[in-house]
Amino acid sequence: MTGDSADLLAHLRSLSDAGKAAEMAAYHKTPRDFLGISAQLLDEMARDLRRDHGLPARCDMAQALWDSNIHEARILAAKLLTQARMRPEDSTAWTMIATWAQDFDSWALADHAAIAGAKRLQADPARLDQVAGWITHPNMWTRRAALVMTLPWARLPHPKAADIAAREQVLGWAEQLVPDRDRFIQKAIAWWLRDLSRRNPDRVREFLAGPGSALSKPAQREAARNLPPA
C-alpha cells in the first residue's frame, strides 16, 4: 500500500459505506465525517502499513490522517503508532500522541490513541510527569486519557519498585479526580481500580475506604466488582 497520504485518504474514501457511515455518525455524535469502514479492515490496513513503511513515513502518514478529521482516518492514525518498540527513537510519535490528546472529543478516538500512548509511556515512564499535567486540563477527555493511558501499570503481574511508584502516582491522580462528577471520569477511575484489584486487592480496598468512598455509587460498584472476599 502506498505511503502517500493523499493516496491513502483517497483509498479510505473509496471504501466508504454511506449507510454504515450514517449509523456511526448518529451514534458517536461528533462533528466530523464518517466513512463506515469496519474496524477489522482498519486493523488490516494498519498492519500492512506498519510492515511496509518505516517510522518516519508512518509518523507523516499518521499526522496527515489525523489532520483530515475523518473518524476512520484518525483511528488508522492511532493504529499506525501502536507499536511496543520503535527504532531508532519514538519522541516524534509520543509528541504527536500527546498533542492529539489535548483535543480528544470522543471515547472512540481517545481510546484508540490511548493504546498507542500507553506503549510510549511504557517505553519511557519519565513521560508520566508530562501526563500528570493533564489531570487539571479543561478538556474532560484529556483528563480521562491520563487514566486510560496508564492502565498497563494497574495490570502488571509482577511490578518492580519503579512500577509500584508509578501506580501510586496514578492513584494520586485518581484521588484528585474523584470530585469530578463527569460519568466518563468516574468510569475511568473505576476501571483503573477494577484492573488493579486483580493484582493488589488490598490497595484497592484501601482506596475505596478512603478517597474512593466519594466516588459515585456505580463507580464504586464497578471498582469493587472483581475484589475477592476480604
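**Exercise 1. Find where Asn 69 lies, and describe its phi angle and its exposure.**

Solution. Begin with the place: Asn 69 lies in the loop between H4 and H5, where helices (H or I, at least four residues) are DSSP runs numbered from the N terminus. This is a predicted model, in which local features need pLDDT of at least 70 and side-chain atom pairs count only at pLDDT 80 or more, while totals for chains, interfaces and linings use all residues. Residues are numbered from 1 along each chain as its sequence is written, and side-chain values use heavy atoms, with hydrogens and water left out.

Next, take the backbone angle: phi of Asn 69 is near 60°, a positive value in a residue other than glycine. As background, most residues other than glycine have a negative phi. Finally, Asn 69 has 26% relative accessibility and therefore counts as partly exposed, given that buried means under 20% relative accessible area, exposed over 50%, and partly exposed in between (1.4 Å probe, protein chains only).

Lys 29 can be treated in the same steps. Lys 29 lies in the loop between helix H2 (18-28) and H3, its phi is near 55°, again a positive value in a residue other than glycine, and with a relative accessible area of 67% Lys 29 is exposed.

**Exercise 2. Work out which residues of helix H1 are buried, and why they line one face of the helix.**

Solution. Start with the residues themselves: in H1, which spans residues 5-14, Leu 8, Leu 9 and Leu 12 are buried. Seen down the axis of H1, these buried residues fall within an arc of 95°, so they line one face of the helix; the arc is that of the directions from the helix axis to the C-beta atoms. The general background is that an α-helix has 3.6 residues a turn, so residues three or four places apart point the same way.

Then turn to the other side, where the face of H1 directed away from its buried side carries the exposed residues Ala 6 and Ser 14. The cover over the buried residues includes helix H3 (39-52), helix H4 (55-67) and helix H5 (71-80).

As a last step, look at one residue of this cover. Leu 65 is in helix H4 and is buried, with a relative accessible area of 1%. Not counting residues up to four places away in sequence, Leu 65 touches several residues, among them Leu 8, Leu 9 and Leu 12, where contact means heavy atoms within 4.5 Å. Leu 65 and Leu 8 are 57 residues apart in sequence, yet their C-alpha atoms are 8.4 Å apart in space.

**Exercise 3. Describe the pair formed by Trp 94 and Trp 134, and state where each residue lies.**

Solution. A search of the whole structure finds five aromatic pairs, where rings of Phe, Tyr and Trp (its six-membered ring) pair if their centres lie within 6.5 Å, and planes under 30 degrees apart count as stacked, over 60 as edge-to-face and the rest as tilted. Trp 94 and Trp 134 form a stacked pair, with 6.3 Å centre to centre and 15° between the planes.

The pair links distant parts of the chain, 40 residues apart, since Trp 94 is in helix H6 (residues 91-101) and Trp 134 is in the loop between helix H8 (128-131) and helix H9 (140-148). Trp 94 is buried, with a relative accessible area of 4%, and Trp 134, at 4% relative accessibility, counts as buried too.

**Exercise 4. Identify what parts the salt bridge between Glu 168 and Arg 203 ties together, and then examine Asp 163.**

Solution. The structure holds 18 salt bridges, each being a side-chain nitrogen of Lys or Arg within 4 Å of a carboxyl oxygen of Asp or Glu. In one of them Glu 168 pairs with Arg 203, the closest N and O atoms being 2.9 Å apart. Glu 168 lies in helix H11 and Arg 203 in helix H13 (residues 201-209), so the pair ties together parts that are 35 residues apart in sequence. Glu 168 is partly exposed at 36% relative accessibility, whereas Arg 203 is buried at 19%.

Asp 163 also lies in helix H11 (residues 161-177). Asp 163 is buried yet has no salt bridge, and the nearest side chain of opposite charge, Lys 160, is 6.3 Å away; here Lys and Arg count as positive and Asp and Glu as negative, while His and the chain ends are not counted.

Definitions and conventions: Helix = DSSP H or I, 4+ residues; strand = E, 2+ residues; numbered from the N terminus.
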